[in-house]
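Please look at the chain shown below and follow it with the paragraphs that come after. They lead from charged pairs to helices and then to the interior.

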Amino acid sequence: MKPSSPLPVPLFLPLLAGMAAISFAPILVRLSDAPVSVQGMYRMLFTIAIMLPLGTGRLPSARAIAGKDWLLLGAAGFFLALHFLLWMSSLNYTSIASSTIILSLQPVFVMLGALIAFKDKPNRFALLGMAVGLTGAIIVGTGDKGASHAALSGDILSFLSVIAIAFNLLIAKRILTRVSTYLYNMIVFSICLLFFTVYNWIMNIPMTGYAGKEWFVFLLLAVVPTMLGHMVFNWLLKYVQPTTISMAVFAEPVGASLLGMLIFSEMVTGFQLIGGAFVIAGLIVYLRSERLAAGRGKRRTTSLK
C-alpha cells in the first residue's frame with residue numbers, strides 16, 4: 001500500500017519531533033511509583049481530555065464508520081494497549097537501554113507484516129538500512145550487563161510488546177485511509193483507556209489515591225510521548241509506509257539511554273555509543289531509500305500522463 005498524498009512538510013521534522021518525544025517515555029515511566037497499568041490508564045485519559053475540545057465537531061462523523069472498520073479500530077486499540085502494558089512493565093525488570101534496544105526490532109516485524117498484508121517489497125537500500133540499524137542495536141545490547149532472571153523477563157516483555165505495536169501500525173495504515181487521524185486517535189485511545197480500566201479493576205489495582213507528583217507524570221506521559229510522539233506518527237502514516245515509522249524507534253535507544261544516564265545514572269558504555277552511531281546511520285540509509293522510492297514513483301506517474 002503506497003502513501004496517498006505527498007507529505008506537506010519535510011519528513012525529518014515530524015520524525016525528529018516524534019523520536020525525541022518517545023525517548024522520554026521510559027524516563028517518565030521510571031519516574032512514577034504507580035503501577036504501569038495505572039500510568040497507562042491516566043496517560044490515555046489525559047490525552048483524550050486534551051484532544052476532546054480540539055475536535056468536537058468531528059465526532060459525529062464517527063457514525064459513518066463501517067462495521068468492519070470498527071472491528072479494525074477495536075483491534076488497533078487492543079494491540080496498542082497491550083504494547084503499552086508489556087513494554088512499560090519491562091522497565092521494572094531490565095535497563096532502559098536494553099528495553100528500548102529490543103523495541104528497535106520493530107521494523108523487522110512491520111516489514112514482514114507489510115510484505116504479507118500490503119505486498120510492500122523493501123528495496124536494497126531499505127534492507128541495508130535495517131541491517132545497519134539492527135547491527136547497532138546488537139552492539140548497544142552488548143553493553144547491557146543485566147544478565148539476571150529478572151532482566152531476561154524484562155527483555156521478553158519488551159520483545160512481546162514489539163509484536164503488539166507492529167500489529168497496531170499495520171492495522172492503522174489500513175484504517176487511516178478511511179478514517180481521519182483525529183477520529184482514529186480518539187477511538188483507539190478510548191479503547192486503550194477501557195482496556196486499562198478493566199485490567200485494573202480485574203487485578204484489584206487501586207486507581208486513585210496517588211500523590212501529586214504521580215498526576216504530573218501521568219499528564220507528561222499524555223502530552224510528550226503520546227501526543228507529540230504516537231499521534232505525530234499516526235498522522236505520518238497517511239503519507240509514508242508503516243516501516244518508515246517503525247524505523248524511527250531505532251533512534252529511541254540512543255535518546256533514552258542518554259536520558260537514563262543523566263537522570264538515573266545508568267551509564268552508557270563505549271559499545272552503546274558505537275552502536276548508537278550505527279543506529280542513526282541505519283535510519284539515514286533507510287530514509288534515503290524512502291526518498292528514492294518516492295522519486296521513482298513520481299517519475300513513473302509523470303511518464304504515464
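Arg178 counts as partly exposed in this predicted model, because its relative accessibility of 44% falls between the limits of 20% for buried and 50% for exposed residues. Its partner in a salt bridge is Asp69, and the closest N and O atoms of the two lie 2.7 Å apart. Arg178 belongs to the loop between helix H8 (149–175) and H9, whereas Asp69 sits in helix H4, so the salt bridge ties together parts that are 109 residues apart in sequence. The two partners fall into separate classes of exposure, since Asp69, with a relative accessible area of 5%, is buried, while Arg178 is partly exposed.

How many salt bridges does the model have in total? The count comes to three, and the remaining pairs can be followed from Lys213. Lys213 forms a salt bridge with Asp33, where the closest N and O atoms are 3.4 Å apart. This pair links distant parts of the chain, as Asp33 is in the loop between H2 and H3 and Lys213 is in helix H10, 180 residues away. The side chain of Lys213 also meets that of Glu214 in a salt bridge, at 3.6 Å from N to O. Asp33, Lys213 and Glu214 are thus linked in a network of salt bridges. Within this network, Asp33 is exposed, with a relative accessible area of 66%, Lys213 is partly exposed at 42%, and Glu214 is buried at 5%.

From the loop that holds Asp33, we can turn to helix H3, which covers residues 36–51. Helix H3 has 16 residues and reaches 22 Å from its first C-alpha to its last, close to the 22 Å expected at 1.5 Å a residue. Is H3 mostly covered or mostly open? It is mostly covered, for 12 of its 16 residues are buried. Among the buried residues of H3 are Val36, Gln39, Met41, Arg43, Ile48 and Met51. The elements that cover them include helix H2 (25–31), helix H4 (67–90), helix H9 (181–202) and helix H10 (212–236).

Helix H4, which helps to cover H3, also packs against helix H5 (residues 96–103). Two packed helices are described by the angle between their axes and by the distance between the axes. For H4 and H5 the angle is about 145° and the axes are 9 Å apart. In this contact, His83, Trp87 and Ser90 of H4 meet Ser99, Thr100 and Leu103 of H5. By class, the contact has two nonpolar, four polar and no charged residues.

Moving to the interior, the largest nonpolar core of the model has 72 residues, and those with the most contacts inside it are Tyr184 and Leu236. The largest share of this core, 10 residues, comes from helix H9. Leaving aside residues up to four places away in sequence, Leu236 touches Leu7, Leu11, Pro14, Leu15 and Ile245.

The last stop is the loop between H9 and H10, where Asn204 has its place. Most residues other than glycine have a negative phi. Asn204, however, has a phi near 60°, a positive value in a residue other than glycine. With a relative accessible area of 67%, Asn204 is exposed.

Methods. Residues numbered from 1 in each chain as written. Predicted model: local features only at pLDDT ≥ 70, side-chain atom pairs only at ≥ 80, totals over all residues. Heavy atoms only, no water. Helix = DSSP H or I, 4+ residues; strand = E, 2+ residues; numbered from the N terminus. Expected span 1.5 Å × (residues − 1). Buried < 20%, exposed > 50% of the residue type's maximum accessible area, 1.4 Å probe, protein only. Contact = heavy atoms within 4.5 Å. Salt bridge = Lys/Arg side-chain N within 4 Å of Asp/Glu carboxyl O. Axes fitted to C-alpha atoms, helices over the stretch in contact; angles between N-to-C directions. Nonpolar A, V, L, I, M, F, W, Y, C, P; charged D, E, K, R; others polar. Core = buried A, V, L, I, M, F, W, Y, C linked by side-chain atoms within 4.5 Å.
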